[in-house]
Amino acid sequence: MRTQRHLAGGAWLSVDALNGGLIMAAFGLGTLPVMLPLTWSGTRLAGWLARPGARMAAAGVIFAAGMLTLAAPWLARIPAVHALLEALGCRTLPGA
């Protein structure tokens, strides 16, 4: 979002329709390699999530991730679990 505002601002501040258009075209071409696979995968994911079992499984994963996030401060005090939490990206605050 921030990049879009900077590019739109840069295109506007160029005070030239040709250069502004070229800036916006460069942004569009630069994001195209990411947008095409995202569109394709979003379509495939929507079809997969149309099945009730897949929706429940996805909801279960999100719920488990939330519970792990909530329990991480207490789990971090267990030495056997500390390495696993660090591998998942959970870090304790310095001095805590």
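Helix α2 runs for 32 residues and reaches 44 Å from its first C-alpha to its last, close to the 46 Å expected at 1.5 Å a residue. That span comes from a predicted model, as does everything else described here. The helix does not keep one direction, though: α2 bends by about 45° at L32, and a proline, P33, follows within four residues.

The bend residue also turns up in a surface feature. Together with L29 and L36, L32 forms a nonpolar patch on the surface, and the three residues share about 310 Å² of accessible area. L29, for its part, is found in helix α2. With a relative accessibility of 61%, L29 counts as exposed, because the cut-off for that label is over 50%.

Stepping back for a moment, the protein as a whole is built from four helices and zero strands. Read along the sequence, that gives the plain pattern α-α-α-α. Just 6% of the 96 residues count as buried. As for the outside, the accessible surface of the protein comes to about 7,900 Å², and carbon and sulfur atoms account for 73% of that.

Moving on from α2, which covers residues 17-48, the chain enters the loop that leads to α3, and this is where L49 is found. L49 is partly exposed, with a relative accessible area of 26%; that label applies because the value falls between the 20% and 50% cut-offs. Setting aside its neighbours within four places in sequence, L49 is in contact with three residues: A54, R55 and A58.

Next comes helix α3, made up of residues 52-75. Its 24 residues reach 32 Å from the first C-alpha to the last, close to the 34 Å expected at 1.5 Å a residue. This helix has a bend as well: α3 turns by about 35° at T69, and a proline, P73, follows within four residues.

T69 itself lies in helix α3. At 58% relative accessibility, T69 counts as exposed, since anything over 50% gets that label. What separates T69 from C90, in sequence and in space? The two are 21 residues apart along the chain, while their C-alpha atoms are 8.3 Å apart in space.

Technical notes:
Residues numbered from 1 in each chain as written. Predicted model: local features only at pLDDT ≥ 70, side-chain atom pairs only at ≥ 80, totals over all residues. Heavy atoms only, no water. Helix = DSSP H or I, 4+ residues; strand = E, 2+ residues; numbered from the N terminus. Expected span 1.5 Å × (residues − 1). Bend = angle between axes of the 7 residues up to and from the residue. Buried < 20%, exposed > 50% of the residue type's maximum accessible area, 1.4 Å probe, protein only. Areas by Shrake-Rupley, 256 points an atom, 1.4 Å probe, with all protein chains shown as cover. Contact = heavy atoms within 4.5 Å. Patch = residues over 30% accessible without salt bridge, like charges linked within 9 Å, V, L, I, M, F, W, Y side chains within 5 Å. Salt bridge = Lys/Arg side-chain N within 4 Å of Asp/Glu carboxyl O.
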